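Me: I would like to go through a structure step by step, with the terms explained as they come up. Could we begin once it is shown?

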Amino acid sequence: MSDIQIIWPIAFHLVAAVVLIGFWRRVDVQRYVSVVANIIAVGIAVWLFGKVWSNGVLVMQSGSWGAPFGITFVADTFSATMVLLTAISALAVSIFSAVSISKERMRYGYFSILHFLVMGLNGAFLTGDIFNMYVWFELIIISSFVLMTLGGERPQIEGAINYVTMNLLASVIFLTAIAILYGMVGTLNMADLSMKLAEEQNRGLVNATAILFFVGFGIKSAVFPLYFWLPSSYHTPPSAIAAIFGGLLTKVGVYALLRVFSLMFIPDEFMTNMLMAIAALTMFTGGVGALVQSNIRKMFSYLIICHIGFMIAGLGMYTELALLGAVFYLIHDIIIKTNLFLVSGVILKIKGTVDMKRLGGLYDEYPKISLLIAVILFSLVGIPPLSGFWPKLFLIQAGFDTRAFVLVAFVVVASFLTLFVIARMWSEVFWKKGSGTQEMDRPFTYFNELKPIKQAVFLAPLVLLAAVSLYIGFGAERIMQVALVIAHDLKDTSYYLQAVLGATHSNTPMP
Amino acid sequence: MKSLILRTAANYLLPLLLLFSVFILLRGHYLPGGGFVGGLVASIAFVLHAFANGTESTQKFLAYHPGNMIPVGLGISVLAGLFPMLLGEPFMTGLWFKDPLPVIGMVGTALFFDIGVFLVVIGVTLTIIFTIAETTK
């Protein structure tokens, strides 16, 4: 079904970013514009999701150039869900930024770059063209590079060099893979690629390209053994920026993997075995990495890696149930990882440090905030019936169905590692005897020095995301319905193909 | 750089190069050229002026900070992309007047998109160069 309105999640953020550049010197105005724009963006995302849910796949041929020649934008349930989750995370981060980001950073265009980043994410989710997806990935890298270095502190630059080098390398590999594809079948539209690659005789080249795509997206989503850039960079920028990175940037890689390996390359036995092995190692190394960290943010960075493994495991088993688990985990993970880094921001604001050795006594001083954080951490660990529990259940069940017992063992081990890491953090940060606040070498306003209204704004995004997490946990049946539709569409792509290619031949005249 | 020859030449070259940049901008739809190259040529005109007369006098000559051109240009480009949606066409569809206008030629949404690019390029280039000139002083 053709629908020109599906560009709005992208175009709206572009308009917002331009308006924000217009207010370059007025940082006080920028905060309100950004928060209001993100509220409207959530409205647009909800509208898009509702429309896709009731009407099925929506397609737009940008510039009226028909598929497979022009750039097609496709909103299916998967894309619409991702756009919705992005909008919710971006709203939370935007509110948190309004009170936590320093004026110096805002003066150099923090908010407009944030909107460019979200635009890039929405673009990557909605595009139906593999080269266009590369362009959105570039936009994401450039925006995130600016956000990461904004402020210009020495550790930030060090982290950013690791980050940008690995991501540019990933982009080069991704681009090479696209070039090979185009040379092989002469098209870039993903639906068209799906049809043509299935008929391609040269299977060796197709499989080699599939591996290239896996390496490219694998670096971006931080899978074993190419994840080292993530823990060396994500703890350096301010918490609000780390939150949107941790919540969304690796997940867009996972989204691309799910999309590419369901639509273009159907994994064969070698590929599924490789994916499962890598998933197991990713879960294990991420969990063990988190175990030895005493810096909370570094620990969370390793947990991101650990949990990427769950999603790759779902892709590796490649049954409908396993994909359901992977998609459910993706939905849960975007919200919870954004929230985790916001939690680290709140802890930093209260105590002046995120080093567990020097933290303590938070429960005595702020019992209500501690309770809120406890809900978030329980959701992460997956205490039933909170949100982390259901996807793991599906993954384990899928593991038994496909007789992938080793993988199931790794899923269980990784879950326990997460539990152990979080329990240790709880006892160190919240239950240990308090050690007071840390002195900072620069001007720093502690949480208890803020006005009550500012304190409330600080905690509002945490409450918002915690509420969404609780909904995912307690409303698991509805989320499961969504994930089931997505998993079904990933396995059976005929509806997607017909929407993209069928619509062109009947509706849009060739210009 | 204090040179009488350069200063005299730069004063004559500024309007010529600006005219040439507009020519390249308009030529760009079917032939080599376009907003990006045109914008670069226009910025070169101002950079040459700055070399000959000093950055302060160029900034005074421009009246507004070149950074202001970035949101204006981006805004024009975005609106050119969004405009077809008012008429029920997809984003970025090229819409054209039926008859070519004298001197300018065919006018359509693509031209306005290019004008936006033109302004953004001038704004970005001059902001970068003026910032570097200020910090090296």
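Reply: A residue is buried if 20 or more other C-beta atoms, placed from the backbone, lie within 10 Å of its own, exposed if 12 or fewer do, and partly exposed in between. This is a predicted model, in which local features need pLDDT of at least 70, side-chain atom pairs count only at pLDDT 80 or more, and totals for chains, interfaces and linings use all residues. Residues are numbered from 1 along each chain as its sequence is written, while chains are lettered from A and ligands numbered from 1 in the order in which they are written.

Me: What percentage of the residues of chain A count as buried?

Reply: Chain A has 511 residues, and each is judged by the C-beta count within 10 Å. The share that counts as buried is 59%.

Me: What is the radius of gyration of chain A?

Reply: The radius is taken over C-alpha atoms, and the globule rule is 2.2 Å times the number of residues to the power 0.38. For 511 residues a compact globule would have a value near 24 Å, and chain A agrees with this, at 22 Å.

Me: On which residue is the kink in α13(A) centred?

Reply: Helices (DSSP runs of H or I, at least four residues) are numbered from the N terminus, and α13 of chain A covers residues 320-351. The bend at a residue is the angle between axes fitted to the seven residues ending there and the seven starting there. In α13(A) the kink is about 30 degrees, and its centre is A:D333.

Me: How many residues of α13(A) are buried?

Reply: This helix has 32 residues and is mostly covered, the number buried being 29.

Conventions: Helix = DSSP H or I, 4+ residues; strand = E, 2+ residues; numbered from the N terminus. Expected span 1.5 Å × (residues − 1).
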